[in-house]
Amino acid sequence: MKISSLLFGLLACAVTATASAQQPIVIKFSHVVAQDTPKGKAADFFAKRAGELTKGKVKVEVYPNSTLYKDKEEMEALQLGAVQMLAPSLAKFGPLGVREFEVFDLPYIFDGYDDLHKVTNGPVGKQLLAKLEPKGVTGLAFWDNGFKSFSANTPIKVPADLKGKKMRIQSSKVLEEQMRALGAMPQVMAFSEVYQALQTGVVDGTENPISNLYTQKMHEVQKHLSLTEHGYLGYAVITNKKFWDGLPADVRGQLEQAMKEATDYANKIAKEENDASLAAVKKSGKTAVHVPTADEKLAFKRALVPVHMKMESRIGAPLIQSIYKETGFDPNKL
């Protein structure tokens, strides 16, 4: 009887161990934007492909719209291992101590997606992601969102139109300097709080890719939008280094493939989503959309490009120059 009980116990343990071994690896992927934005859709795409390529060994749980962590909380949560994956905007890495990422915040440093991808898909991009490793973070990819434009409750046609305006920005010394260069007053604020702040007049305006403006309904509380496309907003998809390094090699390889596919998808839809959002903003009739003339855009460039030189000591002149070299940009020719 004792032997039977022992055998039964061993069998039960074996069944339990097998069931436990079959439990999927859970990756909590937190982000702060809506599910129907480029980042939101790309995160869901990654979750689907991760499940398919690992044959269910990995389950990616996506938490959009700050449902798990807000802007200021998510990075610490990743480092502590409370969440395994994030896709924070590139402005978030300055406070982490990797100021080089703030190069992406420099106004007009990229003249469109082609210039941008020479950097994010090239050696400069790889070097930047490698700088996260000492912080316990592994950089996996860059995802596009789009190019930012200014919105406010008054028309924006020349740089002086933003003088004295309280403009919401992400936490970034570069973006602070950008707003000051226009004579505006920078207001650092979490993304989840912007709509209400615009609605109540706590801030006068903001800057966003159009997909963010539309999906967060900011166009409903902003009377004017000027398509300045003065700055880039993108994301770095990151994971907890200890978690990532601890994955079985085959699973990590499958997730890398899923991330590659998700990155191609994210960057493909970013422009499409922004174009569609712009059409929706125009159709709403709630926001007047201004397309700057060549002279008006040049005036914004001349007002904002001096920020590059002011930020050299913070970001590093060699890094800025390496991007100029990749893209062919020459600030002296403006």
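## A first look at the cavity and three residues

Searching the whole structure turns up 1 cavity of 30 Å³ or more. Keep in mind as you look around that this is a predicted model.

Let's begin with that cavity. The volume of the largest cavity is about 160 Å³. Its lining is made up of 18 residues, and those lying nearest the centre are Ser89, Gln170, Phe191, Asn212 and Leu233. Which elements each supply at least two residues of this lining? They are helix H3, covering 71-80, strand S7, covering 205-208, and strand S8, covering 224-240. Sorted by class, the lining of the largest cavity holds 7 nonpolar, 4 polar and 7 charged residues.

How sure is the predictor of the chain? The average pLDDT is 92, and 94% of the residues score at least 70. Residues 1-20 are another matter: the pLDDT there is below 50, and this stretch has 0 contacts in the model beyond near neighbours in sequence.

Strand S8 is worth a second visit, since Glu229 has its place there. Although Glu229 is not a glycine, it has a positive phi of about 45°. Ser66 also has a positive phi, near 60°, and is likewise a residue other than glycine. You will find Ser66 in the loop between strand S2 (58-63) and H3, and H3 is one of the elements that supply residues to the cavity lining.

Now for a stop in helix H10, which spans residues 249-284 and contains Asp275. The side chain of Asp275 is joined to that of Lys271 by a polar contact of 2.9 Å. Asp275 can also be placed relative to Gly146: the two are 129 residues apart along the chain, while their C-alpha atoms are separated by 10.0 Å.

Are these three residues buried or exposed? The table sets them side by side.

| Residue | Relative accessible area | Class |
|---|---|---|
| Ser66 | 16% | buried |
| Glu229 | 41% | partly exposed |
| Asp275 | 42% | partly exposed |

The cut-offs explain these labels. Ser66 counts as buried because its relative accessible area of 16% is under 20%. Glu229, at 41%, is called partly exposed because that value falls between 20% and 50%. The label for Asp275 follows from the matching reasoning, because 42% also falls between those limits.

To retrace the tour, you can start at the cavity of about 160 Å³, move to Glu229 in strand S8, and finish at Asp275 in helix H10.

Conventions:
Residues numbered from 1 in each chain as written. Predicted model: local features only at pLDDT ≥ 70, side-chain atom pairs only at ≥ 80, totals over all residues. Heavy atoms only, no water. 1 Å grid on protein atoms, 1.4 Å probe; cavity = no way out; pocket = protein on both sides within 12 Å on 5 of 7 lines; lining within 4 Å. Points joined across faces, edges and corners; volume = space filled by probe spheres on them. Helix = DSSP H or I, 4+ residues; strand = E, 2+ residues; numbered from the N terminus. Nonpolar A, V, L, I, M, F, W, Y, C, P; charged D, E, K, R; others polar. Buried < 20%, exposed > 50% of the residue type's maximum accessible area, 1.4 Å probe, protein only. Polar contact = N/O pair within 3.5 Å; in protein donor to acceptor, adjacent residues only side chain to side chain. pLDDT = per-residue confidence, 0-100. Contact = heavy atoms within 4.5 Å.
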